[in-house]
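Open the model in your viewer and keep the selection panel at hand. This tour goes stop by stop, with something to select at each one.

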Protein chains: 2
Amino acid sequence: MTQRIVVLGGGFGGMYAARALRRTLGRKAEIEVINAENYFVFQPLLPEVGAGSITPAHAVTPLRFILKGISVRKAVVDSVDFDRKVVIVFQGIQRRPTEVPYDHLVIALGQGTDFSRMPGLEEHALKMKTLEDARRLRAHVIEQLEHAQVTALPDTKRGALTFTVVGGGFSGVETVGEMKEMIDRSLPFYPKIKPSEVRVLLIEFAPRILGEMPDELADYASEHLQKHDIELMLKTGVKSCTHRQLVTTDGEVINTRTVVATIGNAPLPVVTRMGLPMDKGRIVVERSLQVQGRPDVWALGDCALIPLKEGASARNDFAPPTAQFAVREAKRLAKNVAAAIKGKPTQPFAYESRGALASLGAKRGVADVMGRHFTGFPAWFIWRSYYLALLPGWGTRINVMVNWTLDLLGARSLVQLRSHPKPPMRYIYYRAGDRIYEAGDRSDGFYTVISGAVEMERTDPETGARTTRTIGPGGHFGERMILGATRRHTTVHAAEDTKVLVMNREEFLMLFEGLDPFRDYFRPYMEKHGVKLPGHADRTEG
Amino acid sequence: MTQRIVVLGGGFGGMYAARALRRTLGRKAEIEVINAENYFVFQPLLPEVGAGSITPAHAVTPLRFILKGISVRKAVVDSVDFDRKVVIVFQGIQRRPTEVPYDHLVIALGQGTDFSRMPGLEEHALKMKTLEDARRLRAHVIEQLEHAQVTALPDTKRGALTFTVVGGGFSGVETVGEMKEMIDRSLPFYPKIKPSEVRVLLIEFAPRILGEMPDELADYASEHLQKHDIELMLKTGVKSCTHRQLVTTDGEVINTRTVVATIGNAPLPVVTRMGLPMDKGRIVVERSLQVQGRPDVWALGDCALIPLKEGASARNDFAPPTAQFAVREAKRLAKNVAAAIKGKPTQPFAYESRGALASLGAKRGVADVMGRHFTGFPAWFIWRSYYLALLPGWGTRINVMVNWTLDLLGARSLVQLRSHPKPPMRYIYYRAGDRIYEAGDRSDGFYTVISGAVEMERTDPETGARTTRTIGPGGHFGERMILGATRRHTTVHAAEDTKVLVMNREEFLMLFEGLDPFRDYFRPYMEKHGVKLPGHADRTEG
């Protein structure tokens, strides 16, 4: 009987597992990969995308190109019914759930993030997990340069030109290095920005960066970054952030509009919901890669806690969450699934790291290859060659090579392709004293205080008399836009640390048109100002 | 005294005007270009971006690269104070308006769209005006293929595989041709889609396509498109559309999830607000390109109505809105501004079209060059060469050439880079009888009826008894998500043609947490179901 093997996730673990399964099992099995995107993301290249040295399309490959003979389903995994052996997914714009049956299930969904212990980070920090994150970072950095070039406000300029990366692991170090290189190469086109006005920071909680690398290489990396004017703040954590400031665990307040968070790994909600045994935020598996107590469910990659020896307990006893390991896990997993189908015994996963590589930007890197250490250009060259070789498919390899070459030759494009706009309804954090808006500003949103308090100040245009008013939780401000006001008439500051809910003008007016309770609530305010109410209430009454 | 010349808009008109002004005036003038994006978009390449034969980054060039010696301000134009001679802009995230003074003002803001006479088009149709539009189209088409590959619902599959382009001008013809080529090249990777299941339509109100081209070439284009299985619906307009259907002026209902509208040109709101003399939706200028009655304000490109002779009145008496003309207008404008500064007389703009070019996809085109006609591959080759030559800067030219070559050689990437997600609050149109959602579907939104009516149907899980309820304007449904419901328990249909306001789950819950009147309104509903209320009301009370 044909076995159906369903793989959840198309990253390094899932994609390589599906390929290994196809090779191992041949036509005896039906293999299906379910992934939210229709492409494989080459994670190690994301910092390069974030810095524009390669375009987003070249850091990814369509799964259909590299998964020949394997079904690909672009869908979002909702849940798994382990008893009925079906995966429940939502595909496309369809709101009706679809059930996908399996005989063996492979979970390779990777990790998500959790910033809940650092208020404001979820709302204001940029991440480096997905292709979209990398694109957003690039657009954001260019936006800061454009803004710094034209603003007349020194404080705004300083905030725009301060770039902070949190986390000194591979992702953080590569991101900060690439970002600095991109800024340096862009500055000639921004004549009003002096290089000395740019501040780039790397914040790491541990006493050194690149914890996974030998001391010697980490030291080289530190020196290289500092030589390129990247400040290292070690033994420092993040306490909170707003869209204008970052507060460290030492209480230092950094005026910055760019915070990239490469920390805070946590299981994805869909994985947590599965109810499988978890430890350290990962699914507990046997050395065979089978989930404890479920011989037909397998897990690999970043979402799995894979013991490298019997009685594993220390951090180093488990496979690290790297592409290098995921690829090896995939091979072992395929063989074990084949054995399980035939009723033969499985083999434990075993692999020893061959080393580690990191790029530092500006054509420099550090490399530890089977215990031999390389630094500078040779390490960077090894880094590029290794990842080029690891890229799936010659089409992608050639594309990336061509683009790398073009990047070495010419000026890097400054084009700021827009990324997702700010969500029309969102939470914003302010620290005590922060200005929320000022008289004369554009009326762009309606604010509700969730926690904390704000102080609103109004100067009478005729008498010049100043009046102030404090607004606490549940209170709101900025609703004059119903009257058609396009400019603010008051100035609002946060009186204490405050969280607000902001709704854009357009959405506020939509609710006002559409929702009776909403309109009824604002009706007295409108009537006080003698404004005729728009919206369908008039239509139904009239 | 140094003259300050401010150019609004960085498209063909504005960008070439700024360059011509710099050349003509040298260092005697300060020139500043204000544009909402920091790049120049090569509009004629948008259909190629929409079809993925070039990446978005290669259809654009940073304005700072091609505007040497000219200031570039990335900002959104709010208004112009013609008496005080200042432009009021908003730059970056700054909400405080910035004033930019000028001695001469050049308006080159292009055109917007207005679909107000075709209900549903604004909400549901894709456009082809901006780079983001082109990206969105590509992502949307791939989404339909992915969905058609996995769906088990024949009606959904048919809708996903029907692609409609509205408007048979250059933009519509190139878009439909490129789109069809992309679909044809992608199908081998979607084994469950038969080529015969794909339907591609071009809808044009006139009795023929390519109205600006000679009959002979338009006929060739029609035949070519039809040979490639593109249906032409001529003498047909659009009456309305929803996200699943398009209704033609003949009353035909087309089951389609893709409507690309290349029609409906209209002035941008910012241009209308300026209060300048307008005709046919464009700013009325003298033959010198000066705005009537304002010798220090100039306009060119698509936003200007430029007479080609004295007493112009017929459509052909005015400059057509093409790149070819905009580039020539820019040169005349620069000379006239120079003359005006020196107090010398200006010269009228005069130019005769050298011809017209259109690509048809699949390496075929039509070209009218100084009266000589070309079709097929030669015309396509002329098209590519002409636009390559017109591209500003060798960097971009080389990039586009390299990418075109890679595209000719290999499989075109199917990567569906996500574009903007659906806005969390939006209007949706339904036709009478349309299903809005069904019991068992994912609870993804809260609905308010703006106009029309819906019928809600519920089957009692125990008795099997069916109850129905009609909800009219001001009524709402789908609020069970406050209770934590993730699946629908009812089925809702549109009882008549209906407009609803939809709010995503996440935003609904934000409002519920943050806004007192909102929560108070739903409180009885919650209490009836015995649910403890979340949100800050509890916190302040507790």
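Two strands pair if DSSP finds at least two bridges between them. Keep that cut-off in mind for every sheet below. One caution before selecting: this is a predicted model.

**Stop 1: a sheet in chain A**

Select β15 of chain A, residues 245-248. Three is the count to look for: 3 bridges join β15(A) to β16(A), and the two run antiparallel. For a single pair, pick A:Val247, which stands opposite A:Val253 in β16(A).

Now widen the selection to the open sheet of 3 strands, ordered β14-β15-β16 in chain A, with antiparallel pairing. Which strands form its edges? They are β14 (238-241) and β16 (253-255) of chain A, each pairing on one side only. Look along the sheet for the twist, which averages 25 degrees from one strand to the next.

**Stop 2: the domains of chain A**

Colour chain A by its domain assignment. Domain 1 takes three segments, 3-36, 75-111 and 267-342. Domain 2 covers 121-265 and 355-409. Domain 3 is 425-507. Put a distance label between the C-alpha centres of domain 1 of chain A and domain 2 of chain A: they lie 32 Å apart.

Next, select residues 425-512 of chain A. UniProt lists this span in an unreviewed entry as "domain: Cyclic nucleotide-binding". Its end C-alpha atoms lie 15 Å apart. By secondary structure, the span is 9% helix and 47% strand.

**Stop 3: where chain A touches chain B**

Show both chains. The contact takes 69 residues from chain A and 69 residues from chain B. Which element of chain A gives the most to its side? Helix α5 (residues 131-150) of chain A does, with 7 residues. Colour the chain A side by residue class: 32 residues are nonpolar, 21 polar and 16 charged.

**Stop 4: β5 of chain B**

Select residues 71-74 of chain B, strand β5. In a regular strand, side chains alternate between the two faces of the sheet. Are the faces of β5(B) covered or open? Both are covered. B:Ser71 and B:Arg73 are buried on one side, and B:Val72 and B:Lys74 are buried on the other.

Add β2 of chain B, residues 29-35. It runs parallel to β5(B), joined by 4 bridges. One residue to click is B:Ile34, whose bridge partner in β5(B) is B:Arg73.

**Stop 5: β11 and β12 of chain B**

Select β11 of chain B, residues 162-166, together with β12(B). They pair in the parallel sense over 5 bridges. B:Val166 has B:Ile203 as its bridge partner in β12(B). β12(B) is mostly covered, with 4 of its 5 residues buried.

**Stop 6: two positive phi values**

Most residues other than glycine have a negative phi. Two in chain B are worth a click.

Start with B:Lys85, where phi is near 55 degrees. B:Lys85 lies in the loop between β6 (76-81) and β7 (86-90) of chain B. Why does B:Lys85 count as partly exposed? Because 17 other C-beta atoms lie within 10 Å.

Move on to B:Leu210, where phi is near 50 degrees, again a positive value in a residue other than glycine. B:Leu210 sits in the loop between β12 (199-203) and α8 (215-227) of chain B. B:Leu210 has 25 C-beta neighbours inside 10 Å, so it counts as buried. The cut-off for buried is 20 or more.

Notes:
Residues numbered from 1 in each chain as written. Chains lettered and ligands numbered in written order. Predicted model: local features only at pLDDT ≥ 70, side-chain atom pairs only at ≥ 80, totals over all residues. Domains from an automatic or database assignment. Buried ≥ 20, exposed ≤ 12 C-beta atoms within 10 Å, placed from the backbone. Contact = placed C-beta atoms within 7 Å. Nonpolar A, V, L, I, M, F, W, Y, C, P; charged D, E, K, R; others polar. Axes fitted to C-alpha atoms, helices over the stretch in contact; angles between N-to-C directions. UniProt positions renumbered as here; feature names shortened; annotations may be inferred.
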